[in-house]
Structure formats: C-alpha cells, structure tokens
Amino acid sequence: MIKSFVLRLLACGPLALLLLAAPTAQAQRVLWAAKVVAVSSQKSEGKAPFSPEQVLSTPNALPLGQISNDAWIPKKEGSNEFIEVRFARSIAAQQVTIVENFNPGSITKIELVDTKGKHHEVYSNDNPGPLPEAFRTLEVRFPKAEYRTLGVVVRMNTGKVEGVNQIDAIGIADVASTMVKQAFDAPKGPDAVLSTQFDSSLVNLGPNVNSRYVDTHPVISPDGRTLYFARQNHPGNVGGARDPQDIWISKLVSGKNKTWSQAKNMGEPSNTPEDPNGLAAVSANGQVALLIGVYEDGLMQPKGFSMSRRTAVGWAKPVKVEIDDYYNKDPEHIDACWATSGKALLMAVERNDGIGGQDIYVSFPKPETLPEGVATVGKQTQWTKPINLGRNVNTSGSDFAPFLAADEKTLYFASDGRGGYGKSDIFYCKRLDDTWTNWSTPRNLGPVVNSPDFDAYYTVSAAGQDAYLVSSRNGTDNSKDIFRISLAPAFQPEVVTLVTGRVLDVNTKKPVRAIIHYENLLTGEEIGVVETNPTDGSYTIVLPTGVQYGYRAEAKGYIAENANLDVTAKDKYSEQKEDLYLVPFNVGQTVKLNNIFFQQSKYYLNTRLLPGTGPPHPHHEGVPVARNQDFRPHRQPGRPRPEPEVEPGPGERGEEIPQQPWHQQRPHHHRGLRRQQAHRQQRPGRDARQEPPRRVYNYEEVNALGQLN
C-alpha cells in the first residue's frame, strides 16, 4: 500500500465547487469518472436520480450537505458496498478525490485499477463512522507509481454511518494540487470572465492568405499543413466579384517560419457562381470535405450540409448529408464541424427545442444504413436526430462556430450570450462524458483573442500549438482577416498522436483501397473508422494519448492486417508513420498475426486486449458477427497439446450461430475466449503427437484475429 496523505475539506453550509484549472507551465490532467463498471447495489438505474451514473463527470450535487438527485445512493446498509468506475484514458495518477456530498465517513478503502486490471490500495480506514460535518471532499495523495491508473474502486461500510450515504464524484489527477476547492467569492453573472493566457499576440497570416476582401471561416487540416477558408466577393471567385463567397485553399510552405502559399480557389463543383459557399470541416486525411448547404441542379441551397470526396481529377459532386428531423429556423446562419474519428457531427442551428438563437447540437452516424454496416467519414451520409449540447454550452443568445479539437474533448465556439470583451467572444470547454450533454464551464479566451470587435471561427491543428481565428482588428483595408496565435501549454487541447501511412499489397506493393478500424485496446471500444485514399492507399488517423490502440485494415480479397500503438505515456504531440501490408487470399500464403496477446506464463489468449472485442458504440448498433471458420495452424512436432481450461462456447459444437443485432449480444469484453479441441483417433503404430492438431476457431477468435470480410 502506498503511504497516503488525506485532507478533509470542512464547511458548515452550502458553497460552490471550483475545479482545478490553474495555469501552469506544464499541462495538468484531471479526469473524472466516465463509466460505471460495477456496483454493489443501487436505488435506481440509468440516469435516474440516485443511480450509480450520478457519480460520473465533475461534482454537481449542490447544495452540499443535503440529499441530492445528482449523487449515488447505495440501496443497502452493510459492510460490503462498493462502486467501480473507469476513466476516459489512463494517467500516472498522484491523487484520487472522492466527493461525499452528504453524510460522509463510510469509505473504508480506495483502490486504483491499472491498465492490466491489477488493483492497488491507496487508502484504508479500519474505523468508519459518522463525521461531524455534513459533507466531505476526501483527497488521497501518493507518489507517482510506475503503473498508469485507468479506474478506481471505492469500498464502503454504510452500516457504520446511519442514514443515507451519497457519493457525488470520483476523480484522479497527475498532480498533487487540490482538485476541488472552496470558492465563496466565485464570479457570477454573464459579465464574469474567466480568461486564458497565450504565448503571443495575434499574427496576420499575410497577403498570400488575406486580401482586402473578407477572408473568413478558416478550417485547418489535422496535420496543420492545409488551410481552407472562405473569401467574399473576390474577383477570383467562380462567379467573379458578384459571387458572394467561395472556398479557397492555402498550403503550409515553411513550418519553421509559418508561411503559407498563395491561396487558390477550390473550384467547381464545391463553389458555385451565385451562392455563399463554405467549407465546415475536412477529414483527417484531407480526402473528404463537409460543405455548407445542399447542392441541387448546380445551385447551393441553404438546407443543411453536403459531402464532397477528393478524386484523382479534383473534388466530386457534393452529396447531401441526411440528418433525421433536420431543420434550421434561420437557414442563413449555420455552422458545423465533425470529430476527426467521424463519430460525431456538431452543428450550430436554430431549432424549436433550443435555448436561445443559434444553439450547438450533436448528431451521430447511422451505420445500419450502409451496405457494409461500417460508418466512415467518407461514406457516412445519414445521421441521427440532433441533440442539444445543453445549458453549459448554449445560452439565451447565439452560440455558433463550433470547432472540436483533435482530442474530441475540447470544444471551441463563439457566443454573444455570455458577455466578455466584444460583440461575440470565443470560449472553450471540455466534454466530460460520452453523453455529449455534460460539459465543463466555458472559459473566455481572454483579451488577446477577444476584442470589442467581431471575433469567431477558431480552429486548432492536431498538434494543438497554434490556433487560427477571424477578427476584424487590423485587417487588410479594414476587412476581416485570418490570424494565428500560439497557445500556452496549459491551454492546449489534450495531447494526440498523428498516425499516417499507406495500405499496400504485400506482394505487388501497389496501393489497396481499404477500411481501417481503430480502437482502444484497454476498453475494447471502437474509436473510429477511416478509408484509405483510393489513389495512393494513404490514411491518417488521430489518437488521443493515454491509451493503447489497435488498428486493423480490411479490404475485399485480402486477409485483414493488424497493428498496435502504445501512446499511454506520450506527453507531447508526435507523428508516426506505419505502412500496412495486406495478404491476398491465396492457398499457401504465409500470414503474420499481430495484436495477439497472451497472459504471462499461459498458453491462452488475453481477450482484454484483442481488437474487435469491445462493446458497441453507445449511440448505434454495430455490425453482425462472422460465422465459424476453420483454421488449422501447425504446432511444433513433439510438443504435447495442453488441455483447454474453459468449456466450449456457443457455436463451438457445430451449431449455427444466430445473427443477432449487436445490442442483443453480450458485451465482447465480458466474454471469455473459448476454444474447442478436436481430437483425432490415433492410428496403430503411429505417434499421435506428430499429427498436426485440428483446431476449430470460434467466431470470437475469428473476429479477434481480424478475419471479418
């Protein structure tokens, strides 16, 4: 057990909770519980009051010292109550914080769960009992260990503290600073501005990008090398100076000097002669663009969004993005962006269920509408009904120009309903869980970014070091220009790794058009799906740090290829190149199997780290599983084959496996990897050990080995 230091924060009445957000020279990571793994008892389920899910995300059970609907209550009173949670990623923790919002004192033990599933006790209390105060924030600090923390188990003896016991939040941090502190004089009202700090002032991108016309709505590619933006009433627009707005493109010439090439018009069909064309987002590999408006009969209609794919001869005709129950009461004002993984589409529109004018909403892909059942940024054209991000983000004014950073947690947006320095200011906040409706309190980006004039359309590359925005300050001939600003480390998005490469035929070395799945090997959750460039086989994926990932390339006529990448300890942005070689389905072809993990000193596979065995995405169903396939790998002659340690599973005795929808199957990470041993009759006078054993792999192993086609 690590020797711990426990600090109790006492108070006599209600107070506000202020989360750790101190600017430091090095970015701090504070994580609050994102998922409930197990619980001893519960009074309610789902998101109902008092349910276990109420411990997720930041503390919110106010006023303290009173029973709250926003905190968990164990159903029983006994010595073995517990709750186990997981965080969105792993960190090298130095403290754990438990917010007991009502009737504290029942906690007997706190255990950290590392990335291998091992438990480490960091707090023990042999004498639980009632405390004189009505609530408590229990902080346990300890030296940084060699392992990385992914989860926490809190054990309680509720029988020792009479009455209702509540826990509001569970968090960890990689610093020893207080995560939750008293704030009696916290700023209140729309004019209270919490601002960030920057390393430099605004820098105009210069005449290659900016003109004496309005240059607006910049979108930077994840690799930071291509800038898309809109230019209004420019003679170089497709329709000339009368053309209200076209999309333009500039390339980074020098990363050291941060200079850009002469901007060029994106051309038709994305730009039309008489319409205000705009680009809202671009995929990680730069092959797919999300465009404002719907393209019909050569015209752009303000009825939603479209997608255009890059081809060998230019950009293809835009295709309408279908969104369930989509409408916008103010079609002239619309913005959007999407997550680099392709798992979320954010839009700023005005709807009947909104809070103010423009509100920011989120929609999710519908993979069941695709023939292959796989949603990618390049193919996905059908999305779920928009969900409002909630009052933590949206106000009674207009909230617009959303941009989701590559970490898929940090949201930047503009608002005229929060007060600040000018007509509209730029804010940022953090997504706290997978509901997409729970966000941290937005922070104003401060007077360096925001001014008494118009400031909006903030975008950041995957590296997170430079931000780009539009401002009317000191623009060319007093027009709106695009500026760059360097972010201080404490206010950059969370660290990511940019992975690029090509998918090639192992024999011919020619490009292969493939689909790449990538997932969190610690939780089994699929993070995203991308398509390779059909021309050169290239791909780009962005991986947030703190996780071990597996990714798998699949193509028709080829055996799937797996690779893995461990970025759990990455503390700064990095880029990595990884080419994947696919083996065609040919008799006698040698196949290398990656991402196959064994328990130490054991012969059976560790299913916790197998790609393709994770739970479904919370917002949609997945793809059907494959049926049994028969593989016959040879073992070394003379080595006896060990007996299996588990019983055969479904489909392993020869029966057909029913094709169930994903949501009706048990979560993959709860299934053990079962095997069946097929014995052959020994022939007289022949050593049976020299017979290659016949092994029938079940559908779980086929899925794990990446053989789905």
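Okay, so let's start inside: the lining of the largest cavity has 14 nonpolar residues, two polar ones and no charged ones. For the classes, Ala, Val, Leu, Ile, Met, Phe, Trp, Tyr, Cys and Pro count as nonpolar, Asp, Glu, Lys and Arg as charged, and the others, Gly among them, as polar.

Quick housekeeping. This is a predicted model, where local features need pLDDT of at least 70 and side-chain atom pairs count only at pLDDT 80 or more, while totals for chains, interfaces and linings use all residues. Residues are numbered from 1 along each chain as its sequence is written, and side-chain values use heavy atoms, with hydrogens and water left out.

Back to that cavity. A cavity here is a set of points, on a 1 Å grid over the protein atoms alone, where a 1.4 Å probe fits but cannot get out, and lining residues have an atom within 4 Å of a point. Points are joined across faces, edges and corners, and the volume is the space filled by probe spheres set on them. There are six cavities of 30 Å³ or more, and the largest has about 170 Å³ of space. Its lining takes 16 residues, with Ile 220, Val 282, Thr 340, Phe 403 and Leu 404 nearest the centre. Strands S14 (215-220), S19 (279-282), S25 (335-338) and S30 (399-404) each give two or more residues to that lining, and S19 gives the most, with three. Strands are DSSP runs of E, at least two residues, numbered from the N terminus.

Now, salt bridges: a side-chain nitrogen of Lys or Arg within 4 Å of a carboxyl oxygen of Asp or Glu. The whole structure has 21 of them. Are Glu 84 and Arg 86 buried or exposed? Both are buried, meaning under 20% relative accessible area, with exposed being over 50% and partly exposed in between (1.4 Å probe, protein chains only). Their closest N and O atoms are 2.9 Å apart.

Glu 53 and Lys 47 also pair up, at 3.3 Å, N to O. Lys 47 counts as exposed because its relative accessibility is 59%, and Glu 53, at 35%, counts as partly exposed.

Last stop: Ser 106, in the loop between strand S6 (95-100) and strand S7 (107-114). Why does Ser 106 count as buried? Because its relative accessibility is 1%. Leaving out residues up to four places away in sequence, Ser 106 touches several others, including Glu 100, Pro 128 and Arg 155; contact means heavy atoms within 4.5 Å.

Definitions and conventions: Helices (H or I, at least four residues) and strands (E, at least two) are DSSP runs, numbered from the N terminus. On a 1 Å grid over the protein atoms alone, a cavity is a set of points where a 1.4 Å probe fits but cannot get out, and a pocket is an open set with protein on both sides within 12 Å along at least five of seven lines; lining residues have an atom within 4 Å of a point.
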